[in-house]
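The following paragraphs lead the reader through a protein model by way of its charged pairs, its aromatic rings, its empty spaces and its backbone. The sequence and the structure are shown first.

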Amino acid sequence: MAQNKVYAFLGPHSSGKSSMVSQLISMGLHYIPSVTTKFFDDRYAYKRKLFNIMKPDAYEQEKLIVNSQYQGSAFGLRKTDVLDSYQQHKISIMMMMNSDGIKQLTKFINQDLVTIFLMINEEVFIERMLRAGCSNDEIKYYVEYADSNKEFEQWKDVNFVVKNTASPRVALEQILAIMGLVTLIPQADFDNAVK
């Protein structure tokens with residue numbers, strides 16, 4: 001019997017973590033939410049569904065197996081959320097904000113954790129922030145934060161890298177292949193498809 005797996009997504013701001021995870025959730029995959037002290041403004045309101053947002057004093061009371069800082073906010077994973085989903089679901093997905101969180105999680109579920117880095121280049125990074133309505137000052141902050149925290153180099157700390165600079169569909173198909181969620185078609189159907 002195959003072991004249960006937890007797939008953790010990592011990548012710089014605007015790499016598409018929330019979009020990919022949202023797509024996978026809509027396909028029926030189980031999601032392990034992070035808890036955070038960050039409040040997402042209206043531009044990023046869709047992220048409110050992906051995180052359990054709480055006040056700092058409540059956050060400090062949580063029993064966390066991951067506790068990291070990202071852009072001045074705390075992000076963590078509850079021990080019970082990870083254990084429950086690991087025991088009840090063959091595949092679970094989650095988002096990590098930095099490689100420090102990955103290192104903490106690895107101590108807990110090492111052999112059953114698969115990490116995927118969503119890679120983008122600086123041009124796509126800036127383009128996506130402009131589309132999100134970020135000001136020049138915000139973009140400068142995000143670029144400097146990514147550079148100083150080596151966000152574009154975190155691919156060195158993961159199992160797989162998926163380039164997410166073109167169609168999101170291409171990246172999603174690669175992720176599904178990594179997860180083993182693709183089906184080979186019979187040879188005759190393949191032959192017909194390529195003729």
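In this predicted model, Glu173 and Arg169 form a salt bridge in which the closest N and O atoms are 3.2 Å apart. Both residues belong to helix α7, where they stand 4 residues apart, about one turn of the helix. Glu173 has a relative accessible area of 41% and is therefore partly exposed, whereas Arg169, with a relative accessible area of 51%, is exposed. The cut-off that separates these two classes is 50%, because exposed means over 50% relative accessible area.

The pair in helix α7 belongs to a wider set, for the model has a count of 6 salt bridges. Side chains of opposite charge can pair when their charged atoms come close. Another of these bridges joins Glu153 to Lys156, with 3.8 Å between the closest N and O atoms. This distance qualifies because the limit for a salt bridge is 4 Å. Glu153 counts as partly exposed at 38% relative accessibility, while Lys156 is exposed, its relative accessible area being 53%.

A further salt bridge connects Arg78 with Asp81, and here the closest N and O atoms are 3.2 Å apart. Is Arg78 buried or exposed? Its relative accessible area is 17%, so Arg78 is buried. Arg78 and Asp81 are also part of a network of salt bridges that includes Glu62.

The aromatic side chains may be considered next. The count of aromatic pairs in the model is 7. One of them is formed by Tyr70 and Phe75, whose ring centres lie 6.2 Å apart; the planes meet at 75°, so this pair is edge-to-face. Both Tyr70 and Phe75 are buried. Tyr70 also pairs with Tyr145: the centres of these rings are 5.4 Å apart and the planes stand at 85°, which means that this pair, too, is edge-to-face. The pair of Tyr70 and Tyr145 links distant parts of the chain, since Tyr70 lies in strand β5 (residues 64–70) and Tyr145 in helix α6 (residues 136–148), 75 residues apart. Tyr145 is buried, as is Tyr70.

These contacts are part of a broader arrangement. Which residues do ring pairs link into a cluster? The cluster consists of Phe40, Phe51, Tyr70, Phe75, Tyr141, Tyr142 and Tyr145.

Phe75 leads from the aromatic rings to the empty space within the model. Rolling a probe the size of a water molecule over the atoms shows where empty space is left. The structure holds 1 cavity of 30 Å³ or more, and the largest cavity contains about 50 Å³ of space. Its lining is made up of Ser34, Val66, Ser68, Phe75, Gly76, Leu77, Met95, Met96 and Met97. Strands β5 and β6 (73–78) each supply at least two residues of this lining, and the largest share, 3 residues, comes from β6. By class, the lining of the largest cavity comprises 6 nonpolar and 3 polar residues, with no charged residues.

The largest pocket encloses about 710 Å³ of space. It is lined by 37 residues, and Ser14, Gly16, Ser19, Tyr46 and Lys47 are those that lie nearest its centre. Two or more residues of the lining are given by each of the elements α1 (17–26), α5 (122–131), α6 and α7 (168–178). Helix α7 thus appears a second time, as it also holds Glu173 and Arg169. The residues that line the largest pocket divide into 17 nonpolar, 10 polar and 10 charged.

Ser14, one of the residues nearest the centre of the largest pocket, also deserves attention for its backbone. Most residues other than glycine have a negative phi, and most peptide bonds are trans. Ser14 has a positive phi of about 70° although it is not a glycine. The residue is found in the loop between β1 (5–10) and α1. Its relative accessibility is 18%, so Ser14 counts as buried; the cut-off is decisive here, because buried means under 20% relative accessible area.

Lys150 is another residue other than glycine with a positive phi, in this case near 55°. Lys150 lies in the loop between α6 and β9 (160–163). Helix α6, which precedes this loop in the description above, is the element that holds Tyr145 and is also one of those that contribute to the lining of the largest pocket.

Note on methods
Residues are numbered from 1 along each chain as its sequence is written. This is a predicted model: local features need pLDDT of at least 70, side-chain atom pairs count only at pLDDT 80 or more; totals for chains, interfaces and linings use all residues. Side-chain values use heavy atoms; hydrogens and water are left out. Rings of Phe, Tyr and Trp (its six-membered ring) pair if their centres lie within 6.5 Å; planes under 30 degrees apart count as stacked, over 60 as edge-to-face and the rest as tilted. Buried means under 20% relative accessible area, exposed over 50%, partly exposed in between (1.4 Å probe, protein chains only). On a 1 Å grid over the protein atoms alone, a cavity is a set of points where a 1.4 Å probe fits but cannot get out, and a pocket is an open set with protein on both sides within 12 Å along at least five of seven lines; lining residues have an atom within 4 Å of a point. Grid points are joined across faces, edges and corners, and a volume is the space filled by probe spheres set on the points. Ala, Val, Leu, Ile, Met, Phe, Trp, Tyr, Cys and Pro count as nonpolar, Asp, Glu, Lys and Arg as charged, and the others, Gly among them, as polar. A salt bridge is a side-chain nitrogen of Lys or Arg within 4 Å of a carboxyl oxygen of Asp or Glu.
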